[in-house]
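Reader: Hey, got a minute to go through a model with me? I'd like to talk about empty space and strand pairing.

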Amino acid sequence: MLRRFSSIAAVLLVLLPGVRPAGAQPVPPALERLEAAVGAGDHEAVIVAAADRVELDVLGSRKLYSRAQASYVLHDFFRRYPPEAFAFDHATQAEGHWFATGLYRYRQGEQPLRVSVRLRSHEDGWTLRELRVEAPRTP
């Protein structure tokens, strides 16, 4: 019974954006906006939160980009992998950083992609420092 409940809870965390487990740390609005932007495939809204230089690792191609270059890379990614659903399923804060991961479901995709982000605290709020998109691991 407990295993079944855990499976249902995991599915709800993926399907319902903004839902966090009871007792979880409240996430900053910047992380919630980033979740919505990725879920909508809105590269411009993702880049608004980015630092002047942001590290992108999109399906194995890892580089440090300017905001303008990162916008182009994300635009191309969202065009090739149009989103169906996205939600962070894990977020944690540590020493001036937020780390969050979630599943990105896209059209024509059998397996969701894993998206990870790292935000860093600045005097003006939180900025996106890293965004990683990984294919599911095969056993």
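Author: Here's a quick chat about the pocket, the cavity and the strands.

Author: Heads up, this is a predicted model, where local features need pLDDT of at least 70, side-chain atom pairs count only at pLDDT 80 or more, and totals for chains, interfaces and linings use all residues. Residues are numbered from 1 along each chain as its sequence is written, and side-chain values use heavy atoms, with hydrogens and water left out.

Reader: Cool. How much space lies in the largest pocket?

Author: About 150 Å³. On a 1 Å grid over the protein atoms alone, a pocket is an open set of points with protein on both sides within 12 Å along at least five of seven lines, while a cavity is a set where a 1.4 Å probe fits but cannot get out; lining residues have an atom within 4 Å of a point. Points are joined across faces, edges and corners, and a volume is the space filled by probe spheres set on them.

Reader: Which element gives the largest share of that pocket's lining?

Author: α2, with four residues. At least two each come from α2 (29-40), α3 (43-48) and β6 (125-134). Helices (H or I, at least four residues) and strands (E, at least two) are DSSP runs, numbered from the N terminus.

Reader: And what's the chemistry of the pocket lining, by class?

Author: Eight nonpolar, one polar and two charged residues. The lining includes Arg33, Arg67, Trp126 and Thr127. Ala, Val, Leu, Ile, Met, Phe, Trp, Tyr, Cys and Pro count as nonpolar, Asp, Glu, Lys and Arg as charged, and the others, Gly among them, as polar.

Reader: How many cavities of 30 Å³ or more?

Author: One. The largest cavity holds about 50 Å³, and its lining has eight nonpolar residues, with no polar and no charged ones. Phe77, Phe78 and Tyr104 are among them. α4 gives the largest share, three residues.

Reader: Switching to strands: how many bridges join β4 to β5?

Author: Eight, between residues 97-106 and 113-122, running antiparallel. Two strands pair if DSSP finds at least two bridges between them. His97 in that pairing has Arg120 as its bridge partner. The hairpin has six residues between the strands, and Gln108 there takes a positive phi near 65°.

Reader: What about β5 and β6, parallel or antiparallel?

Author: Antiparallel, with nine bridges. Arg118 stands opposite Glu130 in β6, and the hairpin joining β5 to β6 runs through two residues.
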